[in-house]
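New notebook page. I want to jot down what I look up in this structure, one item at a time.

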Amino acid sequence: LDALGAIEGLAAARPRLNYFGLTGRRGARAIDDPRTTDLSGLLLVGLDAPPAGLFEPDGETPLAAAAIPPGGVLIGEVFADKAGLGVGDDLMVISFKRGSQGHPVPVRTSFVVHAVFTTGRYDLDIDRALVLRSDLARMIGDPLGFTEISLVAEPGVTAEALAERADAALLEAGLKEPGWRPLAQTWRAQGGIFLKAVENQKGILSTIFFFIVLVAAYQLVATLVLTVAEKRRDIGVLGALGAAPSRIVRFFVSLGLVVAVVGTVLGLLLGTLLTDNLDWVQRTINGGEPIFNAETYIFKDIPVAVDWPSVLLLIAATLGAALIFSFLPAWWATRMRIVDALRRW
C-alpha cells in the first residue's frame, strides 16, 4: 500500500481477501457432512467496507448498509433465495486453513446475514458473500489478510495507464521481479472472455445492419423504378413543357430522400420505444416470462446502452445509400425520349 500510494492518478487502494467456502441450505444437515453433494460453493470476499454498485433486491435503491458489522455477512439475492436466507439469519460456512504441519484443517464459522444485495449480474448474485476482511483472515488464519488490492483511478485516468504505473511502482519497490508478467490487471483484462463475446455480438450486429441497409436500398430502387414506369407520361409532358433533365433528376432524388428520411425517423422512434421497454417487450412476447435467462446471459435485466455515434453513422449510411441508389432511376427518367413518352399518352 505504501508503494502504491505514491501513484499519480490513484483515487483509492482497497485490499481484498478472497477465499472459498461451502455452505448448505438452511435447515439441511448437509453442513455437518462435507462429503455430501448438497453443499454449494461460495466465494467469501473480505472487505473493509462494502463496494459501490450494490443495490437493494428491487435493483434500483442503493444498498442502505454503510458498513459490514463484525460477524456479519452480505449475500447476493439469488443465493439468498436458493438458500432460503434472510436478514438476521445465520449462515454457516465450512472451509479450511493451513495447519501447523502444512495440512489443511477444516474450520466452520457462522455469520449473521446483515443485508441482501443485488448487482444486476446473476453470476455475482449467486455465489458472493461479503464479510469483514479481519473476520475472514482470522477464520482461515491468514497473517497477510489480502489476496488482491483493488485500485480505483481518478476521473480522466484510464485503467490501462493506472495499471502501468502500478507495475512500475511495484518494480521500483522491489515487490516485482524484472521481466515478470504485469501484476496489475485492468477490469477489461479480467473480463476478457465476456467482453470479447460482447465485441463479437457488436460485430455481428454491424454486419446484419449493413445487409439491412442494402436490402432497403434495393427496395428503394425498385420503388423508384416502378414510379418512373408509372409516371412515364408525366415525365414526357414535363419534358415537352421545357423541364430540364437536371430538374427531373432532382425530383426523383428528392423523392428517394423523403422516403429514407421518413423511414429513418420512424425507425428511430420505434427503436427508442423498444430499447426503453425491452424487458416489457420480451415478457409480452414470451407470455410473461423472460426470453433471456439470467443463468445463461448473466444479467438479471437486459442492459441497454445506446451508442449515439454508431446510430448517427448508421443514419448517415442510410441517407447516403438512399441518395446514391435513387440516382439510378432518376437518370433513367432523363434518358427517356419525350416523343416515346407522349406517344403512350
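**Entry 1: Leu314.** I started with how open Leu314 is, keeping in mind that this is a predicted model. Leu314 comes out as partly exposed, because its relative accessible area is 32% and the partly exposed class runs between 20% and 50%. I also checked where Leu314 sits, and the answer is helix 12, which spans 308-334.

**Entry 2: the nonpolar patch.** Next I asked which residues make a nonpolar surface patch with Leu314. I found Ile204, Leu205, Ile208, Phe209 and Ile212 alongside Leu314, with a patch area of about 520 Å². Helix 7 is the main contributor here, giving 5 residues to the patch.

**Entry 3: the largest pocket.** Then I went looking for empty space. The largest pocket has a computed volume of about 2,500 Å³. I noted 50 lining residues for the largest pocket, and the ones nearest its centre are Leu205, Phe209, Thr275, Ala305 and Val311. Two of those names, Leu205 and Phe209, are already in my patch entry.

Which helix gives the most to this lining? Helix 7 again, with 15 residues. I wrote down the helices that each bring at least two residues to the lining of the largest pocket: helix 7 (192-230), helix 9 (245-276), helix 11 (294-297) and helix 12 (308-334). By class, I get 32 nonpolar, 13 polar and 5 charged residues in the lining of the largest pocket.

**Entry 4: the second largest pocket.** I moved on to the next one down. The second largest pocket has a volume of about 2,100 Å³. It is lined by 50 residues, and closest to its centre I find Arg16, Glu148, Ser150, Trp187 and Gln190. Strand 7 (residues 148-153) supplies the largest share of the lining of the second largest pocket, 6 residues. Sorting that lining by class, I get 33 nonpolar, 9 polar and 8 charged.

**Entry 5: Glu148 and Arg16.** Seeing those two charged names together, I turned to salt bridges. How many does a search of the whole structure find? It finds 7 salt bridges. One of the pairs I looked up is Glu148 with Arg16, whose closest N and O atoms are 3.5 Å apart. Glu148 belongs to strand 7 and Arg16 to strand 1 (residues 10-24), so this pair ties together parts that are 132 residues apart in sequence. I checked both for exposure: Glu148 is partly exposed at 30% relative accessible area, and Arg16 is also partly exposed, at 26%.

**Entry 6: Asp135 and Arg138.** Another pair on my list is Asp135 with Arg138, a salt bridge with an N to O distance of 2.6 Å. Both sit in helix 4 (residues 133-140); they are 3 residues apart, so about one helical turn separates them. Are the two buried or exposed? Asp135 counts as buried, because its relative accessibility is 9% and the cut-off for buried is under 20%. Arg138 is exposed, with a relative accessible area of 59%.

**Entry 7: Lys176 and Asp167.** My last look-up was the salt bridge between the side chains of Lys176 and Asp167, at 3.5 Å from N to O. In this pair, Lys176 is buried and so is Asp167.

Notes. Residues are numbered from 1 along each chain as its sequence is written. This is a predicted model: local features need pLDDT of at least 70, side-chain atom pairs count only at pLDDT 80 or more; totals for chains, interfaces and linings use all residues. Side-chain values use heavy atoms; hydrogens and water are left out. On a 1 Å grid over the protein atoms alone, a cavity is a set of points where a 1.4 Å probe fits but cannot get out, and a pocket is an open set with protein on both sides within 12 Å along at least five of seven lines; lining residues have an atom within 4 Å of a point. Grid points are joined across faces, edges and corners, and a volume is the space filled by probe spheres set on the points. Helices (H or I, at least four residues) and strands (E, at least two) are DSSP runs, numbered from the N terminus. Ala, Val, Leu, Ile, Met, Phe, Trp, Tyr, Cys and Pro count as nonpolar, Asp, Glu, Lys and Arg as charged, and the others, Gly among them, as polar. Patches are made of residues with over 30% relative accessible area and no salt bridge: like charges are joined within 9 Å, nonpolar side chains (Val, Leu, Ile, Met, Phe, Trp, Tyr) within 5 Å. Accessible areas come from the Shrake-Rupley method with a 1.4 Å probe; for residues, only the protein chains shown count as cover. A salt bridge is a side-chain nitrogen of Lys or Arg within 4 Å of a carboxyl oxygen of Asp or Glu. Buried means under 20% relative accessible area, exposed over 50%, partly exposed in between (1.4 Å probe, protein chains only).
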